[in-house]
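Thanks for making the time, everyone. I would like to walk you through one structure this morning, moving from the overall make-up to a few charged side chains.

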Amino acid sequence: MTMLAHKVAGTLGPLALAAMALPVSAQTAQTAPLNTPAATTPGTPGSNALPPMEEIHLATDSRARLTVPVTIGGAGPFAFLVDTGAERTVLTRQTAQALGLAPSGRATLVSVAGLEDVDLVTVAELSLGTRRFSGLEAPLVDGHDLEAEGIVGLDGLQDQRVTIDFAANRMMIGNASPDVPQIDSYDIVVTARRRSGQLIMTEAMIDGVQTDVMIDTGSDTSIGNRALQRALNKRQGEQQAKLIAVTGQTITADVGHARVMRIGGMNIENLTFAFADAPAFAHLRLNRRPAILLGMRDLSAFQKVGIDFARRKVMFDFTPPQPQALAAR
């Protein structure tokens, strides 16, 4: 069994490169697709009577990565990274030990830096807000490499609609059924393609180069493949950074810049990428044409980002929050 470990945060701090600083702790924590666990409400196993949209408070770590409180079998809360690039929920060895979870198998984790054999544990029940997910098979990594207590991956988010509101410092999670109406609005809505559980936007342009884009909230840095680097005519080796994977493995990446990325009629300007031969691209079949894993450094340019898995929509909002009116006295 092979699993992809798609970026989950690193152990290195920002690396100074010439006159700029590039966060280089991006890591990968994705895994092979599994049957998506059912989400249920407390006390009603199998029930669909979940709140349409539920607010989960977000915290940020020292690398501006997003974390949410989860409980496992009633224990916790534990600070888990929110990683839309991770196909599987991940636990640290320290968290598993604290919960008394013994290894139940082995698997190969495919990270941004390579492959690593890791232990698996069975998580009987994980709760995120009022939503409960059961029967998770979670890879184990070391907490010193992850710098968190675990990762909420796509096996916990796949049947949900997720909104990350940077301005309000919150995550909204709700049922991703096509029959559930959207109650919030966005400036840009992009239809994506599904691949290995991920939503891939295929019509983005980076300095005029058509590029596949995947939203990766588990990475502080955006990572481009070599095909994108060649298409942008970026030289190798002029500036380099070290990326560290969730497994502790490292890979050397070239640093490049782009003037503008255009997605669905919106522009993101002055981007900085790390270009690397990351195995994650081959796993997602994104290694032959230009592609990028869009990390938190560039996503934070938006007020709000939404991912609707059922509709295959990725949504962006530039609109600044409206000031509250002062009460008359």
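**Strands, sheets and buried charges**

The chain you see here has six helices and 27 strands, and please keep in mind throughout that this is a predicted model. Of its 329 residues, 56% count as buried, and among the contacts with a separation of 6 or more, 68% are between residues 24 or more positions apart.

Let me begin with an open sheet, which is built from six strands in the order 6-16-15-26-27-17 with antiparallel pairing. Its edges are strand 6, residues 53–57, and strand 17, residues 188–191, each of which pairs on one side only, and the twist from one strand to the next averages 15 degrees. At the strand 17 edge, four bridges join that strand to strand 27, residues 313–317, and V189 stands opposite M315 there.

Now to the charges, where a search of the whole structure finds 12 salt bridges. One of them joins D308 to R161, with the closest N and O atoms 3.6 Å apart. Because D308 lies in strand 26 and R161 in strand 15, this pair ties together parts that are 147 residues apart in sequence. Are these two partners buried or exposed? D308 is buried, with a relative accessible area of 0%, and R161 also counts as buried, at 1%.

A second salt bridge, between R170 and D165, has its closest N and O atoms 3.7 Å apart; here R170 is partly exposed at 28%, whereas D165 is buried at 7%. These two residues belong to a network of salt bridges that also includes E55.

The third pair is D212 and R289, whose side chains meet at 3.2 Å, N to O. The pair links distant parts of the chain, with D212 in strand 20 and R289 in the loop between helix 5 and strand 25, 77 residues apart. D212 is buried at 3% relative accessibility, while R289 is partly exposed at 35%.

What, then, of E87, which sits in the loop between strand 9 and strand 10? E87 is buried yet has no salt bridge, and the nearest side chain of opposite charge, that of R88, is 6.7 Å away. That distance lies outside the 4 Å cut-off for a salt bridge. The side chain of E87 does, however, make a polar contact of 3.3 Å with the side chain of H283.

Finally, strands 22 and 23 form a hairpin with five residues between them, and in the turn G248 has a positive phi of about 90 degrees. Five bridges join these antiparallel strands, and A241 has A253 as its bridge partner.

Note on methods: Residues are numbered from 1 along each chain as its sequence is written. This is a predicted model: local features need pLDDT of at least 70, side-chain atom pairs count only at pLDDT 80 or more; totals for chains, interfaces and linings use all residues. Side-chain values use heavy atoms; hydrogens and water are left out. Two strands pair if DSSP finds at least two bridges between them. Helices (H or I, at least four residues) and strands (E, at least two) are DSSP runs, numbered from the N terminus. Buried means under 20% relative accessible area, exposed over 50%, partly exposed in between (1.4 Å probe, protein chains only). Lys and Arg count as positive and Asp and Glu as negative; His and the chain ends are not counted. A polar contact is a pair of N or O atoms within 3.5 Å; within protein, one must be able to donate a hydrogen and the other to accept it, and residues adjacent in sequence count only if both atoms are side-chain atoms. Axes are lines fitted to C-alpha atoms, for helices over the stretch in contact, and angles run from 0 to 180 degrees between N-to-C directions. Contact means heavy atoms within 4.5 Å.
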